[in-house]
Amino acid sequence: MLHESSDAVESVKSSDNIVAILGLVDFVTDGQRVFGSHNGVPMMQKITASGCSVTAQIAAFVAIDPAHAFEGTTSAFFVFGLAGDIGMELAKGSASLRVPLIDSLHSLDQDTVLEEL
């Protein structure tokens, strides 16, 4: 069954949850607000555990301020996608993207993130 983004919005309207969907456009909703991020590169989908990695990053961002879980989730998606954009500049394929992606996550600083917003 194919689901649309509107299905996610409807599914969380009656709860206190957040739905986050990874894809060509990363999508986050709390039922009231919707965020879409177009950064990142399609090759990130071919790296084993990239979804697990961004989920761990979401957990870390939300843990900083659980009262702002929506903002933490959208920020984590943006930063992870930005690291993918930077890492792809050095990669030749999915196997060689893994290390630059991790290196980019490690070396990102506030100025770089704010520059790309």
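**Close-up A. Helix H3 against helix H4 in the predicted model.** Here H3 packs on helix H4 (residues 94-107) at an angle of about 125 degrees, and their axes sit 8 Å apart. That angle makes H3 oblique to H4, and the crossing is right-handed. On the H3 side, the contact uses Val79, Phe80, Ala83, Gly84, Ile86, Gly87 and Met88, which meet Leu97, Pro100, Leu101, Ser104 and Leu105 of H4. Sorted by class, that's 9 nonpolar and 3 polar residues, with no charged ones.

**Close-up B. Helix H2 against helix H3.** Now look at H2 (residues 50-64) and H3 (residues 69-88): their axes come within 8 Å and cross at roughly 140 degrees. So H2 counts as oblique to H3. H2 passes H3 in a right-handed crossing. From H2, the residues in play are Ser50, Ser53, Val54, Gln57, Ile58, Phe61 and Val62. They meet Ala69, Gly72, Thr73, Ser75, Ala76, Phe77, Val79 and Phe80 in H3. The class tally for this contact is 9 nonpolar, 6 polar and no charged residues. Val79 and Phe80 turn up in the H2 contact and again in the H4 contact.

**Close-up C. The largest pocket.** This pocket holds about 250 Å³ of space. Its lining is made by 17 residues, and Gly23, Asp26, Val41, Met44 and Gln45 are the ones nearest the centre. H2 and H3 are the elements that give two or more residues to the lining. By class, the lining splits into 8 nonpolar, 8 polar and 1 charged residues.

Note on methods: Residues numbered from 1 in each chain as written. Predicted model: local features only at pLDDT ≥ 70, side-chain atom pairs only at ≥ 80, totals over all residues. Heavy atoms only, no water. Axes fitted to C-alpha atoms, helices over the stretch in contact; angles between N-to-C directions. Helix = DSSP H or I, 4+ residues; strand = E, 2+ residues; numbered from the N terminus. Parallel < 35°, antiparallel > 145°, perpendicular 65-115°, else oblique. Left-handed = near helix turned anticlockwise from the far one by under 90°. Contact = heavy atoms within 4.5 Å. Nonpolar A, V, L, I, M, F, W, Y, C, P; charged D, E, K, R; others polar. 1 Å grid on protein atoms, 1.4 Å probe; cavity = no way out; pocket = protein on both sides within 12 Å on 5 of 7 lines; lining within 4 Å. Points joined across faces, edges and corners; volume = space filled by probe spheres on them.
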